[in-house]
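This report is meant for a reader who is meeting the structure shown below for the first time. It takes up pockets, nonpolar cores and salt bridges in turn.

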Amino acid sequence: MENFAITRVYADENGDSRFEDITRPLNPEGEIGFLSEPEVAESVIFRKVPSTYDYDFHTAPARQYLVVLDVGIEIETSLGEKRTFRQGEVLLLEDTTGKGHKTRNLEQAVRSSIFITLA
């Protein structure tokens, strides 16, 4: 079975943000490839941030997927763990409470991304 890799950012019982590597199973659908089960989305938000983007600790405004479209980012948890995410990678942001996470651009370039807010 095929899987789609996602990095989850969530708040633990102490309010600290953490990373978790998760997957969504993909089912064979013939000529159109492999598909996951549908998830209900509430909204889709297209975003561009300036090249100087360096956002201090914040929580996600809602449970949402973040799709990195071009310039990579670095996310730092409240515990100091850092990970980089490149073009095409997907995150599931679920730290809507707690201490939050930091986000910064890896390059001095305007960055584009998509947020898919979950129901």
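## The second largest pocket

In this predicted model, the second largest pocket is lined by 17 residues, and those that lie nearest its centre are Arg47, His58, Gln64, Leu93 and Phe115. About 210 Å³ of space lies in this pocket. Sorted by class, its lining has nine nonpolar residues, six polar ones and two charged ones.

Several strands take part in this lining, since at least two residues come from each of β4 (41–49), β5 (54–58), β6, β10 (101–105) and β11. The largest share, three residues, is supplied by β11.

## The largest pocket

The largest pocket has a volume of about 290 Å³, and 15 residues line it, with Phe4, Ile6, Ser36, Glu39 and Tyr65 lying nearest its centre. Two or more residues of this lining are given by each of β1 (2–11), β2 (17–28), β3 (34–35), β6 and β11 (111–118). The lining of the largest pocket divides into 11 nonpolar residues, one polar residue and three charged residues.

## Nonpolar cores

In soluble globular proteins, nonpolar side chains tend to be buried together. Here the largest nonpolar core has 11 residues, namely Val9, Phe19, Ala60, Leu66, Val68, Ile73, Ile75, Phe85, Leu91, Leu93 and Phe115. The elements that contribute two or more residues to this core are β6 (64–68), β7 (73–77) and β9 (90–93). Apart from this core lies another, of eight residues, which includes Tyr65, Val90, Leu92 and Leu118.

Val9, a member of the largest core, offers a view of the surroundings of one residue. If residues up to four places away in sequence are not counted, Val9 touches Arg18, Phe19, Leu91, Leu92, Leu93, Glu94, Asp95 and His101.

## Salt bridges

Side chains of opposite charge can pair when their charged atoms come close. A search of the whole structure finds 10 salt bridges, and one of them is formed by the side chains of Arg83 and Asp21, at 2.7 Å from N to O. Arg83 belongs to strand β8 (residues 82–85) and Asp21 to strand β2, so this pair ties together parts that are 62 residues apart in sequence. The two partners differ in their exposure: Arg83 counts as partly exposed at 22% relative accessibility, whereas Asp21, at 55%, counts as exposed.

A further salt bridge joins Glu39 and Arg24, whose closest N and O atoms are 3.1 Å apart. This pair links distant parts of the chain, with Glu39 in the loop between β3 and β4 and Arg24 in strand β2, 15 residues apart. Glu39 is partly exposed at 38% relative accessibility, and Arg24 is also partly exposed, with a relative accessible area of 23%. The side chains of Glu74 and Arg104 meet in another salt bridge, at 3.0 Å from N to O, and this pair links strand β7, which holds Glu74, with strand β10, which holds Arg104, across 30 residues of sequence. With a relative accessibility of 14%, Glu74 counts as buried because the cut-off for that class is under 20%, while Arg104 is partly exposed at 31%. Finally, Arg8, Glu20, Arg63 and Glu94 are joined into one network by salt bridges that share partners.

Methods
Residues are numbered from 1 along each chain as its sequence is written. This is a predicted model: local features need pLDDT of at least 70, side-chain atom pairs count only at pLDDT 80 or more; totals for chains, interfaces and linings use all residues. Side-chain values use heavy atoms; hydrogens and water are left out. A nonpolar core is a set of buried Ala, Val, Leu, Ile, Met, Phe, Trp, Tyr and Cys residues joined through side-chain atoms within 4.5 Å. Buried means under 20% relative accessible area, exposed over 50%, partly exposed in between (1.4 Å probe, protein chains only). Helices (H or I, at least four residues) and strands (E, at least two) are DSSP runs, numbered from the N terminus. Contact means heavy atoms within 4.5 Å. On a 1 Å grid over the protein atoms alone, a cavity is a set of points where a 1.4 Å probe fits but cannot get out, and a pocket is an open set with protein on both sides within 12 Å along at least five of seven lines; lining residues have an atom within 4 Å of a point. Grid points are joined across faces, edges and corners, and a volume is the space filled by probe spheres set on the points. Ala, Val, Leu, Ile, Met, Phe, Trp, Tyr, Cys and Pro count as nonpolar, Asp, Glu, Lys and Arg as charged, and the others, Gly among them, as polar. A salt bridge is a side-chain nitrogen of Lys or Arg within 4 Å of a carboxyl oxygen of Asp or Glu.
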